[in-house]
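Thanks for asking me to look this one over. My notes follow as numbered points, so you can keep the model open beside them.

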Amino acid sequence: MKNSSSGFKKFLLLWAGELISSIGGGLTSFGLAVYVFNETGSAADMAIVSLLAFLPTLILSAPAGVLADRYDRRLLMMLGDGLSGLGILYILICMLCGGASLTQVCVGVLISSVFSALLEPSYRATITDILTKEEYSKASGMVSLAGSARYLISPMLAGFLLAVSDIKLLLIIDICTFVVTVSTTLVVKRGLTAKENTNRESFISSFKDGWKAITEKRGVFVLILMSSVVTCFMGALQILAEPMVLDFADSTTLGIVETVCACGMLVSSLILGIKGIKSGYAKVLSISLAVSGIAMAGFGLKQNVFLMCAAGFLFFATLPFTNNCLDYLARVNIPDEKQGRAWGLIGFLSQLGYVFAYGLSGILADCLAESTKTGVGIGASYVVMVSGGLLVLTAIALSLTKSVRELEKKE
């Protein structure tokens with residue numbers, strides 16, 4: 001039986017490491033976005049960098065999930081966190097040698113992403129290892145809070161640092177955070193006995209097991225597929241927000257806008273971290289998605305900093321509720337011993353939408369800007385508003401899906 005007190009202390013230490021890692025990653029992400037846009041002026045080029053940062057993690061998430069069930073999850077987290085710094089180091093070296101080209105930035109981001117793929121399934125499965133069922137919802141809120149740091153703290157900090165230095169400083173800070181994160185994971189690993197791996201089945205068999213775990217209940221699989229649609233629409237805003245602001249403002253303003261918007265995630269994450277959600281997960285999920293869509297439409301309505309901040313705040317405020325509900329409904333309907341491989345597949349399937357968003361939204365924004373003879377920010381706003389409307393329709397469809405509502409009946 002899990003010890004609630006000691007388990008939550010281990011979670012807090014692990015969470016603190018990931019919080020620091022999130023801040024460092026946010027500095028690099030912000031810095032590279034500004035760097036690429038200043039060099040090329042293209043939303044599509046920015047989207048390419050984001051796609052390459054995301055795609056390897058997506059493709060490798062399922063194999064990483066199998067590894068998380070076969071080997072020491074904490075060791076995999078340490079390897080993933082530590083080795084992902086190599087890509088950032090490569091970009092830094094290129095810049096120190098005279099400047100990094102778009103190709104070199106893409107290569108560095110790709111390397112970092114490949115190793116980062118080891119992290120997510122092991123991290124989520126470790127949370128299941130050390131916490132009780134009653135603590136899942138509160139932990140999910142705190143995980144969302146840590147994730148929000150890359151939007152809440154990093155943009156403002158990065159904007160300030162770019163005003164007094166350049167992107168190389170941001171990369172150096174990010175590299176240093178990997179040391180802290182690996183150290184905290186090592187401490188947790190020493191206080192937690194890894195389960196002996198008695199599973200000698202092949203990777204293919206493990207994949208089949210994971211597939212069975214997420215398809216045994218129709219509601220779980222429908223929820224995962226619906227999540228992929230949702231990430232496609234949400235991804236449009238996440239990838240186009242920066243060129244939308246940079247089209248009429250500077251990087252300092254962008255940092256302020258991103259920080260104000262991320263405060264919405266901070267507020268709702270704190271609420272969830274303190275109280276959690278007790279019931280009605282499917283209903284809360286549908287409402288939060290509908291509000292997200294409305295906020296997206298508002299964000300793209302006009303090139304106005306105050307309107308963008310208000311709409312962005314509302315958008316980010318809904319994300320922890322969405323993630324909390326998705327996390328809970330899936331977690332309590334999947335056996336503990338299959339959590340690693342299941343989360344690997346869930347991560348792959350639910351985030352396929354980001355591939356389409358990152359691959360197409362930038363191109364669509366550039367094409368619309370060219371066809372309407374306006375700036376890239378205007379073209380991006382059209383894409384974001386349409387995506388917001390489609391997200392509202394998706395929320396309505398989800399609220400009418402009986403199999404998803406029935407997931408809450410599990411004892």
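**Notes on the predicted model**

1. Both D327 and R331 are buried, and that pair is a good place to begin. Their side chains meet in a salt bridge, with 3.0 Å from N to O. Both residues belong to helix α13, which covers residues 305-331. They sit four residues apart there, about one turn of the helix. Please keep in mind throughout that this is a predicted model.

2. How many salt bridges does a search of the whole structure find? The count is three, and the buried pair in α13 is one of them. As general background, side chains of opposite charge can pair when their charged atoms come close. Another of the bridges joins K168 and D166, at 2.7 Å from N to O. K168 has a relative accessibility of 24% and is therefore partly exposed. D166 is partly exposed as well, because its relative accessible area is 32%.

3. The remaining bridge links the side chains of K402 and E406, with an N to O distance of 3.9 Å. The cut-off for a salt bridge is 4 Å, so this pair is counted. Are K402 and E406 buried or exposed? K402 is exposed, at 53% relative accessibility, while E406 is partly exposed at 35%.

4. Now for the whole chain, which contains 17 helices and zero strands. Its radius of gyration is 20 Å, close to the 22 Å that the globule rule gives for 411 residues, so the chain is as compact as a globular protein of that length. Along the principal axes, the C-alpha atoms fill a box of roughly 60 × 50 × 40 Å. Of the 411 residues, 55% count as buried.

5. What share of the contacts with a separation of 6 or more comes from residues 24 or more positions apart? In this chain the figure is 87%. The chain exposes about 17200 Å², and carbon and sulfur atoms supply 68% of that area. As for charge, there are 31 positive and 28 negative side chains. The centres of these two sets lie 9 Å apart.

6. Helix α10, residues 218-246, deserves a closer look, starting with T231. T231 is buried, because its relative accessible area is 10%. Which residues does T231 touch, once those up to four places away in sequence are set aside? They are S350, Q351, G353, Y354 and A357. T231 and L391 are 160 residues apart in sequence, yet their C-alpha atoms are 9.4 Å apart in space.

7. M226 is also found in helix α10. With a relative accessible area of 17%, M226 is buried; the cut-off for that label is under 20%. Beyond its neighbours within four places in sequence, M226 is in contact with T394, L398 and T401. By contrast, 26 Å separates the C-alpha atoms of M226 and S22, which are 204 residues apart along the chain.

8. Next comes helix α16, residues 376-399, where S387 has its place. Is S387 buried or exposed? Its relative accessibility is 9%, so S387 counts as buried. Apart from neighbours within four places in sequence, S387 is in contact with F233, A236 and M296.

9. V355 lies in helix α15, which runs over residues 352-371. At 22% relative accessibility V355 counts as partly exposed, since buried means under 20%. Leaving out neighbours within four places in sequence, the contacts of V355 are L51, F54, L55 and L58. The C-alpha atoms of V355 and A369 are separated by 22 Å, and the two residues are 14 apart along the chain.

10. One backbone detail to check by eye is K373, in the loop between α15 and α16. Phi of K373 is near 60°, a positive value in a residue other than glycine. Why pick this out? Most residues other than glycine have a negative phi. K373 is exposed, as its relative accessibility is 73%.

How values were computed
Residues numbered from 1 in each chain as written. Predicted model: local features only at pLDDT ≥ 70, side-chain atom pairs only at ≥ 80, totals over all residues. Heavy atoms only, no water. Buried < 20%, exposed > 50% of the residue type's maximum accessible area, 1.4 Å probe, protein only. Helix = DSSP H or I, 4+ residues; strand = E, 2+ residues; numbered from the N terminus. Rg over C-alpha atoms; globule rule 2.2 N^0.38 Å. Contact = heavy atoms within 4.5 Å. Areas by Shrake-Rupley, 256 points an atom, 1.4 Å probe, with all protein chains shown as cover. Lys, Arg positive; Asp, Glu negative; His and termini not counted. Charge placed at Lys NZ, Arg CZ, Asp CG, Glu CD.
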